[in-house]
Amino acid sequence: MSPRALVRAPSPQLAQGLVTHVERSDTVDADRARTQWEAYRSVLGAAGFELIEVDPAPEHPDSVFVEDALLTVGDLAVVTAPGARERRDEVNGTRVAAHRLGLETVELTDGRREEHDEPVHLDGGDVLTIGDTLFVGVGGRTTRAGADALGRLVADVGRRVEVVPISRTLHLKSQVTALPDGTVVGYAPLVDDASRWPSFLEVPEPEGAHVVVLDERTVLMSDAAPRSADLFRERGLSVVALDVSEFVKLEGCVTCLSVRLHPYD
Ligand SMILES: CN(C)C(=N)NCCC[C@H](N)C(=O)O
C-alpha cells in the first residue's frame, strides 16, 4: 500500500496565526501561502503519497499546520489536545478525517487532569518518532501530563515515550528532526541539549533542521537552507527543496504541513 499523508488547506486568515518565539511579520501573503502549499502537496504526490484532505477550517488561522492536531502511530490515530487555546477546535476536523480513513482513533484527553493537577496537552509538532520511540518535547505547548497520557496510549502498540525538555523553540520538531537513518539534525543555537541525541548532525542554517522523510533516500526541506541540503547530499540523500517562507513567518516548517502515515514518522 502506498504511504498516505493528511494535509489541510491554509486559511485565508493565516496572517493571524500564533507566533511565540519570532516577531510577528506584517508581510504574510495568504495567496502566496496557498501557492506554496500546492507545491508542497505536489511534492508529496510525486513521491508516491496518497493525499487525504482534512476539511478546511478557514476560521482557524493555524489549521494548515495539521501535524499539531493529529498523530499517527502505525494504524492508530491519536487526536491531540493542542496546548494553545486558540487551536483546540482544530481537532474536530482531524478526528473526522481519521475516522474516514478507517483508523482506530483514540482521544488523548477527555478533559481529565493527571497527577499534579496538570492539564493534558500535546501538539503533534512535539512528537519526533525514531524507531519505536516517540520523543516528546515538553515545556512549550505540550505538558508532562500530555506526554504521560500519550505514553500510556502507545504502550499498547509496542511504542515508548521519552520526554525531552524544551525551552528554545515552539515545538520539539522546530529544533530537531531525523534523517531516514535516525540521525537527528538540528541548528545548534536552537537545540536545548544536542548531547542527549546518540547521533546528532549539526546543520549550518535554522531551516536545515527540518526534514520530511519522503523515502529511505529522499528528504523534503526548505529551500532556505542550501548548505544543510549539501550536507545531506554528501550523506547520499536526495533532497527536494521548497519555498515555505510564508509558513516560516508563522513559526511553521515543512513537517507541520502534513501528517504522514508511513513507517518513517
Ligand atoms: C513543528 N512545528 C513548528 C509545528 N508542528 N507547528 C507549527 C505551528 C505554528 C503555529 N503558528 C502555532 O504557533 O501553533
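How many cavities of 30 Å³ or more does a search of the whole structure find? The search finds three. The structure is a predicted model, and this report describes one of these cavities together with the ligand.

**Confidence**

The protein chain has a mean pLDDT of 95, and 96% of its residues reach 70 or more. The scores for the model are ipTM 0.99 and pTM 0.97. Where pLDDT is low, predicted coordinates should not be read in detail.

**The cavity**

The ligand sits in the second largest cavity. The volume of this cavity is about 80 Å³. Its lining includes the charged residues Asp62, Asp68, Arg87, Arg141 and Glu251. Leu18, Phe65, Leu170, Leu250 and Cys256 also line the second largest cavity, as do His171 and Gly252. Sorted by class, the lining has five nonpolar, two polar and five charged residues.

**Around the ligand**

The ligand has 17 residues around it. Asp62, Asp68, Arg87, Arg141 and Leu250 come nearest, and these five names also appear in the lining of the second largest cavity. By class, the shell around the ligand holds six nonpolar, four polar and seven charged residues.

Three distances between the ligand and the protein are set out below.

| Residue | Part of the residue | Ligand atom | Distance |
|---|---|---|---|
| Asp62 | side-chain N or O atom | nitrogen | 2.8 Å |
| Arg87 | side-chain N or O atom | oxygen | 2.8 Å |
| Leu250 | backbone N or O atom | nitrogen | 2.7 Å |

On its own, the ligand has 400 Å² of accessible area, and the protein covers 100% of this area.

Asp62 and Arg87 thus each place a side-chain N or O atom 2.8 Å from the ligand. For Asp62 the ligand atom is a nitrogen, whereas for Arg87 the ligand atom is an oxygen. Leu250 takes part through a backbone N or O atom, 2.7 Å from a nitrogen atom of the ligand.

Notes: Residues numbered from 1 in each chain as written. Heavy atoms only, no water. Near = heavy atom within 4 Å. Polar contact = N/O pair within 3.5 Å; in protein donor to acceptor, adjacent residues only side chain to side chain. Areas by Shrake-Rupley, 256 points an atom, 1.4 Å probe, with all protein chains shown as cover. 1 Å grid on protein atoms, 1.4 Å probe; cavity = no way out; pocket = protein on both sides within 12 Å on 5 of 7 lines; lining within 4 Å. Sits in = over half its atoms within 2 Å of the grid points. Points joined across faces, edges and corners; volume = space filled by probe spheres on them. pLDDT = per-residue confidence, 0-100.
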